[in-house]
Amino acid sequence: MVNRQSSVDRFLRFFSSLKCGLLLLSLVGVAVILGTLILQKPMAQEGQIEQIYAPQTLRLLNALGLFDVFHTRWFILLLGLLGANITLTSIERFPQVWRLFVRPHLVADAAFIRALPFQREIALGSHAPQEAMALACGKLRSLGYAPRPAVLRQGTVYIEKHRVARLAPYVVHASLLIIFAGAIVDGAHGYRGFISLRPGMRTDTVEPLTTPGAPRRLGFTIRCDAAGMDRYPDGSPQQYWSRLAVEENGREVARKQIFVNDPLTYKGVRFFQANYGPTGTPRKLVMEASWPENGVEKRQMLTLAPGTPVQLGAQGDTVELADFIPDFVLEGNQISSRSDEPRNPAIRLQVTRPGGEPRSAWILAKLPETHPPNDTGVSFRFVNAEMEYLTGLQVAYQPGQWLIWAGCLLLTGGLMMALYLSHIRIWGVVGTDRKGQPALLLGGQPSKYRENFERKFHALADELDTALKNATVKVTEAAPAA
Amino acid sequence: MGKVVTHTGERGQASAARLSAQAGWILLGVSVVVLTVMAISVPHLVGGAGWLTGEKFLYLALIAYLGAAALYVFSAALRQPQLLAGAMALTRGGFLLHTMAILVRWASSGHAPLSNIYEMVLVFSWGVVALHEVAEWKFELPFLGAITVPIAALALVLMQVLPGEIRPLVPALQSTWLQIHVTLAMLSYAGLTISFAVALLYLIKDGATTRSFLSWSAALVLGVYGTIVATSVNSSLALTMPAWDSTAREKVMLAPRQALLVPIDALGWPFVIVLALAAATLALSLLGTFFAPGQRWENLARRTFLAALLAQALSLVLLMLKVNAGPYYVPQYGQSFGVHLAASPFLLAGVVTALFASLAWEVLRWKYDSLVAYLPSRDTLDGLIYRTVAISFPLLTLMIIAGAYWANRTWGSYWSWDPKEDWALITWLTYAGYLHMRLTRGWRGRRSAYFAIIGFGIVMFTFFGVTYLLPGLHAYA
């Protein structure tokens with residue numbers, strides 16, 4: 001029982017040690033390196049992982065979770081352990097530092113000063129102890145170091161700077177924990193998703209970003225009024241935008257034109273402009289039809305849209321848009337589209353006579369002289385096409401992000417304090433120097449940057465020395481009684 | 001500004017000094033030849049670089065830096081304080097031109113030059129020189145320039161082959177946060193570069209032996225040329241380089257990730273010779289260290305290394321000349337293709353780094369003691385390593401925070417575990433570990449210096465390695 005107690009104790013002691021913290025830090029580092037060297041599932045295209053790794057390697061890496069390092073349980077456990085270690089390390093040392101912070105050692109004697117790392121003895125010369133103390137205090141005050149009056153009454157000159165630096169490591173560690181907490185809140189309650197909208201459409205559901213995941217209800221409706229893209233003179237994209245509105249119970253409650261870098265936020269849910277582009281189908285297609293009727297050439301302009309047949313002529317014939325290939329290319333004998341932009345549209349129209357079978361006509365908009373197959377008896381000429389555009393919105397709900405930004409602010413401040421501020425303390429009492437003469441014994445201690453402190457300490461001592469030597473004028477102001 | 005120690009030595013030392021001074025002048029000659037060839041070839045390579053894009057200013061700055069780097073190194077070797085003053089003046093002149101290049105590019109593109117790898121290297125190298133000036137002025141480090149200025153020059157050489165056209169900003173990059181993010185990144189990288197330079201000075205001061213320096217330099221040259229020979233020299237000893245389409249300003253690709261390779265006959269030879277000489281140097285030096293201690297092997301190793309240095313200079317000169325002499329006929333395609341160093345930035349960077357390292361060693365070898373006397377005390381240097389890290393670390397932290405904030409405003413996600421983010425985190429963890437060791441365990445001296453050197457390696461990998469080897473969301477940089 002006793003033995004077990006002590007081994008638990010030993011484990012806890014190790015777990016709350018800096019050594020363990022650095023070990024965990026390096027383990028996290030190694031895991032992150034592995035995560036960048038091995039292709040990660042969220043970044044890979046379909047089938048890419050299977051293509052790169054041999055089957056055995058694949059099985060092994062998969063079993064270790066190395067294809068999605070940053071979301072595996074062991075990685076999250078590692079981060080959790082690091083958080084726990086930071087907490088324990090801080091808790092263990094904090095009380096001691098806090099005591100020093102709120103109740104510093106103020107009153108000194110000669111023995112205490114002789115034990116400090118930096119010391120000087122300043123001869124009092126002709127000055128009485130009280131007078132010397134008053135002179136020294138005046139000099140220190142003029143140099144920007146105000147001795148504590150309460151301590152001075154007890155016979156010690158005590159000056160200090162940047163006591164807050166003692167707390168800096170705890171500020172830094174606490175801020176890291178706050179950042180962790182924000183990430184946990186987001187992991188548990190936040191979500192990310194995607195919405196595709198055509199101008200004029202509305203939706204209240206968000207598609208999941210990753211394949212396993214269910215669509216999610218927003219609780220309100222988002223409507224897209226317009227979307228578009230601005231170009232630079234050279235044709236490259238300058239800005240994408242969407243005009244969005246939020247509706248709740250059929251009433252519009254918010255409205256904003258969003259840009260890349262400038263989202264719409266409603267009830268903590270943010271909508272980001274993610275992409276914008278043609279869907280590959282036309283919203284409106286204008287064609288000119290011509291056919292011979294009773295020896296006369298007839299012409300008609302047709303405005304077609306997908307799924308809605310249009311009357312052709314007076315005989316009850318109908319025309320329907322059957323296929324629209326925006327960027328036509330023939331690969332072997334396979335028809336395909338290189339892109340969704342209407343660079344080289346190929347159109348198939350179906351003409352149906354009353355009571356007859358539908359017949360097809362192919363039209364190559366940019367290459368009318370190629371005479372593609374047409375058994376409808378009607379010739380068609382492409383006039384123009386208005387493409388349908390889709391705006392892609394990234395949706396994010398991250399209730400923990402304010403914790404993260406607060407943690408980041410605190411982290412920056414804490415780091416500055418920890419790295420740039422040194423808690424310096426200087427004590428002075430009147431005693432006797434090594435030759436037995438009365439002297440002001442000065443001792444100091446910094447929390448870091450000893451070289452800097454040493455310089456500053458001796459400069460200060462020199463100032464006091466000259467001040468005491470040069471002060472011939474009687475000091476009228478009496479020092480506070482000891 | 002710098003304290004320069006002039007020796008008036010005794011008679012015995014005087015003749016040795018004269019000998020080493022002669023050797024120094026020979027080296028100075030070699031580097032002047034190399035610099036001249038580079039100075040002639042680089043504008044030819046760039047061709048059509050204009051004043052308006054700032055490239056001409058940058059090119060002049062590069063020449064100033066190369067000259068300053070040579071002067072810094074040789075001022076120590078030749079005990080010529082005037083050279084040091086010249087080096088400082090040239091660095092400052094180069095810095096002004098460099099600043100002009102940035103301002104001109106900024107004015108003509110209409111946005112801060114922080115949007116692609118070319119512009120980042122532009123600002124990074126500027127940051128290195130700026131912080132070098134601060135360090136030189138504040139800490140009286142006369143020899144710092146021998147390490148920082150060559151790094152800046154190397155960055156500028158690399159830039160000559162990076163795609164430097166001014167392009168309008170894509171929508172995601174139109175953000176003040178991006179500019180803050182990149183500025184902080186470049187400043188912190190530059191700061192960590194200074195800590196690396198100080199760490200090297202510390203190792204010199206601390207008396208790392210010249211023999212181990214020789215082994216390290218030979219190993220570096222061996223690594224660089226081994227990689228080149230293994231990847232680019234074919235069985236008939238021709239150097240193969242990617243074909244360059246000069247109108248499109250890009251490599252001719254056969255398939256994604258597979259460039260068309262042009263063999264340049266007989267150019268493989270100098271690279272193989274350097275490889276052999278470096279291997280011989282390393283072998284002799286290790287032999288002298290571990291198996292047969294004695295002056296003999298060491299002297300032999302030094303001579304082979306000097307030969308390797310001359311062979312390297314020859315390789316670089318031949319490479320430059322041959323690349324400009326194209327196009328070359330490729331039998332498989334029955335057609336001639338031109339080549340360009342822009343297609344192989346790593347080849348150029350490797351060759352120039354190895355040459356600088358070798359030159360630096362030769363200088364060290366002759367003037368080791370006077371160099372050591374130049375430098376501030378070990379404690380001062382040790383403190384400076386810490387101080388440069390202590391300044392750069394909060395910048396690094398702020399850089400990561402600004403990047404997260406920008407990503408959050410652009411994509412709605414502050415952290416996506418993309419390779420660049422991951423490596424920024426690794427860099428951060430590394431220096432966080434260093435600060436813990438330093439502040440709570442009192443790590444000092446050599447361990448601290450080695451840490452700064454390793455940390456710098458990680459920084460450079462985050463900067464360049466991730467961009468070229470591990471692409472992800474940071475596609476623009």
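Two strands are taken to pair if DSSP finds at least two bridges between them. In the predicted model, β9(A) and strand β17 (residues 379–397) of chain A meet this criterion with 17 bridges, and their pairing is antiparallel. Within this pairing, A289(A) has F380(A) of β17(A) as its bridge partner.

Strand β9 (residues 269–293) of chain A also pairs with strand β8 (residues 264–266) of chain A, through three bridges and in the antiparallel sense. Here L264(A) is set opposite F271(A) of β9(A). The connection between β8(A) and β9(A) is a hairpin with two residues between the strands, and K267(A) in the turn adopts a positive phi of about 50°. A further antiparallel pairing links β9(A) to strand β10 (residues 296–304) of chain A by nine bridges, with S290(A) opposite R299(A) in β10(A). A hairpin is formed by β9(A) and β10(A) as well, again with two residues between the strands; in its turn, N294(A) has a positive phi of about 55°.

An open sheet of four strands is also found in chain A, with the order β11-β12-β15-β16 and antiparallel pairing. Its edges are β11 (310–312) and β16 (358–364) of chain A, each of which pairs on one side only. On average, and with direction ignored, neighbouring strands of this sheet are turned by 35° against each other. Inside the sheet, strand β12 (residues 317–325) of chain A is joined to strand β15 (residues 346–352) of chain A by seven bridges, the two running antiparallel. T318(A) has T352(A) as its bridge partner in β15(A).

The domain assignment divides chain A into domain 1 (2–80), domain 2 (104–162 + 422–470), domain 3 (188–279 + 392–402) and domain 4 (281–386). Between the C-alpha centres of domain 1 of chain A and domain 2 of chain A the distance is 54 Å.

Two packed helices are described by the angle between their axes and the distance between the axes. For helix α9 (residues 168–189) of chain A and helix α10 (residues 401–420) of chain A, the axes come within 8 Å and cross at roughly 165°. Angles over 145 degrees count as roughly antiparallel, and α9(A) and α10(A) are therefore roughly antiparallel to each other. The crossing of α9(A) past α10(A) is left-handed. The residues in the contact of α9(A) with α10(A) comprise 20 nonpolar, six polar and one charged.

In chain B, the axes of α11(B) and α12(B) come within 10 Å, with a crossing angle of roughly 145°. The crossing of α11(B) past α12(B) is left-handed. On the α11(B) side the contact is made by Y386(B), V389(B), F393(B), L396(B), T397(B) and I400(B), and on the α12(B) side by A424(B), T427(B), W428(B), Y431(B), Y434(B), L435(B) and R438(B). By class, the contact of α11(B) with α12(B) has ten nonpolar, two polar and one charged residues.

Between the chains, 34 residues of chain B are in contact with 36 residues of chain A. Helices α11 (378–411) and α12 (419–441) of chain B each contribute at least two residues to the side of chain B that touches chain A. That side of chain B consists of 20 nonpolar, twelve polar and two charged residues.

How values were computed: Residues are numbered from 1 along each chain as its sequence is written. Chains are lettered from A and ligands numbered from 1 in the order in which they are written. This is a predicted model: local features need pLDDT of at least 70, side-chain atom pairs count only at pLDDT 80 or more; totals for chains, interfaces and linings use all residues. Two residues are in contact if their C-beta atoms, placed from the backbone, lie within 7 Å. Ala, Val, Leu, Ile, Met, Phe, Trp, Tyr, Cys and Pro count as nonpolar, Asp, Glu, Lys and Arg as charged, and the others, Gly among them, as polar. Domain bounds come from an automatic or database domain assignment. Axes are lines fitted to C-alpha atoms, for helices over the stretch in contact, and angles run from 0 to 180 degrees between N-to-C directions. Angles under 35 degrees count as roughly parallel, over 145 as roughly antiparallel, 65 to 115 as roughly perpendicular and the rest as oblique. A crossing is left-handed if the near helix is turned anticlockwise from the far one by less than a right angle, and right-handed if clockwise.
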